[in-house]
Amino acid sequence: MKKIIKITKLYFKYFSSHNIKQLTALFDKNIKLQDWTSKVSGKKNVLNFNRKIFTENPKIKVKVKNIFLKKNICCCEITVKLNNKTNINVIDLISFNKKFLINKIIAYKC
């Protein structure tokens with residue numbers, strides 16, 4: 001399932017570049033996102049949540065350390081760089097549907 005890993009890498013690339021248009025193309029209409037502060041569902045709500053993150057953290061970027069794949073789920077070890085001083089270690093679980101669209105993201109702060 002190299003395609004799932006490729007899409008996962010694209011997701012982090014688009015997130016790091018704050019590219020809402022490209023993120024839109026990767027998400028299932030019923031996507032669910034949960035992190036240590038929020039829980040949102042539906043493509044529109046997840047995109048709005050991302051916009052808010054980008055507005056509040058204009059320098060936010062993601063560095064991918066490892067990606068592991070099991071069936072249709074990627075387990076991703078990442079560092080979220082909020083700015084020049086603050087980094088957060090995170091584990092993302094990213095699930096895909098049969099059309100290779102992201103339908104669930106769960107982010108665990110380490």
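**View 1. Strand 3 and strand 4 pair in the antiparallel sense.** This close-up comes from a predicted model. Strand 3 covers residues 61-70, and strand 4 covers residues 73-81. Nine bridges join them. One residue to look for is Phe68, whose bridge partner in strand 4 is Cys75. Together the two strands form a hairpin, with two residues between them.

**View 2. Lys71 sits in the turn of the hairpin.** Its place is the loop between strand 3 and strand 4. Most residues other than glycine have a negative phi. Lys71 is not a glycine, yet its phi is positive, near 55°. Lys71 counts as exposed, because its relative accessibility is 70%.

**View 3. His18 has a positive phi too, of about 60°.** His18 is not a glycine either. Look for His18 in the loop between helix 1 (2-16) and helix 2 (20-26). Is His18 buried or exposed? The answer lies in between: His18 is partly exposed, with a relative accessible area of 23%.

**View 4. Six strands form an open sheet.** Their order is 2-1-6-5-4-3. The pairing is mixed. Strand 2 and strand 3 are the edge strands, and each pairs on one side only. On average, neighbouring strands of this sheet are turned by 20° against each other, direction ignored. Strands of a sheet pair through backbone hydrogen bonds, either parallel or antiparallel.

**View 5. Strand 1 meets strand 2 at one end of the strand order.** The two run antiparallel, joined by three bridges. Here Lys32 stands opposite Ser41 of strand 2. Helix 3 packs on the sheet, where it touches strand 1 and strand 2. The direction of helix 3 makes about 55° with that of strand 1.

**View 6. Helix 1 lies across five strands: strand 1, strand 3, strand 4, strand 5 (87-96) and strand 6 (102-109).** Helix 1 runs at about 165° to strand 3.

**View 7. Helix 3 spans residues 43-56.** Helix 3 has 14 residues. From first C-alpha to last, helix 3 reaches 20 Å, close to the 20 Å expected at 1.5 Å a residue. Which residues of helix 3 are buried? They are Val46, Leu47, Phe49, Asn50, Ile53 and Phe54. Seen down the helix axis, these buried residues fall within an arc of 155°, so they line one face of helix 3. They pack against helix 1, helix 2, strand 1 (27-34) and strand 2 (39-41). On the other side of helix 3, Lys44, Thr55 and Glu56 are exposed.

**View 8. Four aromatic pairs are found in a search of the whole structure.** One of them joins Tyr11 and Phe15: the ring centres are 6.2 Å apart and the planes stand at 45°, so the pair is tilted. Both residues lie in helix 1, four residues apart, about one turn of the helix. Tyr11 is buried, because its relative accessible area is 4%. Phe15 is buried as well, with a relative accessible area of 8%.

**View 9. Tyr11 also pairs with Phe27.** Their ring centres are 6.2 Å apart, and their planes stand at 50°, so this pair is tilted. The pair links distant parts of the chain, 16 residues apart: Tyr11 lies in helix 1, Phe27 in strand 1. Both Tyr11 and Phe27 are buried. Tyr11, Phe12, Phe15, Phe27 and Phe54 form one aromatic cluster.

How values were computed: Residues numbered from 1 in each chain as written. Predicted model: local features only at pLDDT ≥ 70, side-chain atom pairs only at ≥ 80, totals over all residues. Heavy atoms only, no water. Pairing = 2+ DSSP bridges. Buried < 20%, exposed > 50% of the residue type's maximum accessible area, 1.4 Å probe, protein only. Expected span 1.5 Å × (residues − 1). Arc of directions from axis to C-beta. Contact = heavy atoms within 4.5 Å. Phe/Tyr/Trp six-rings, centres within 6.5 Å; stacked < 30°, edge-to-face > 60°. Axes fitted to C-alpha atoms, helices over the stretch in contact; angles between N-to-C directions.
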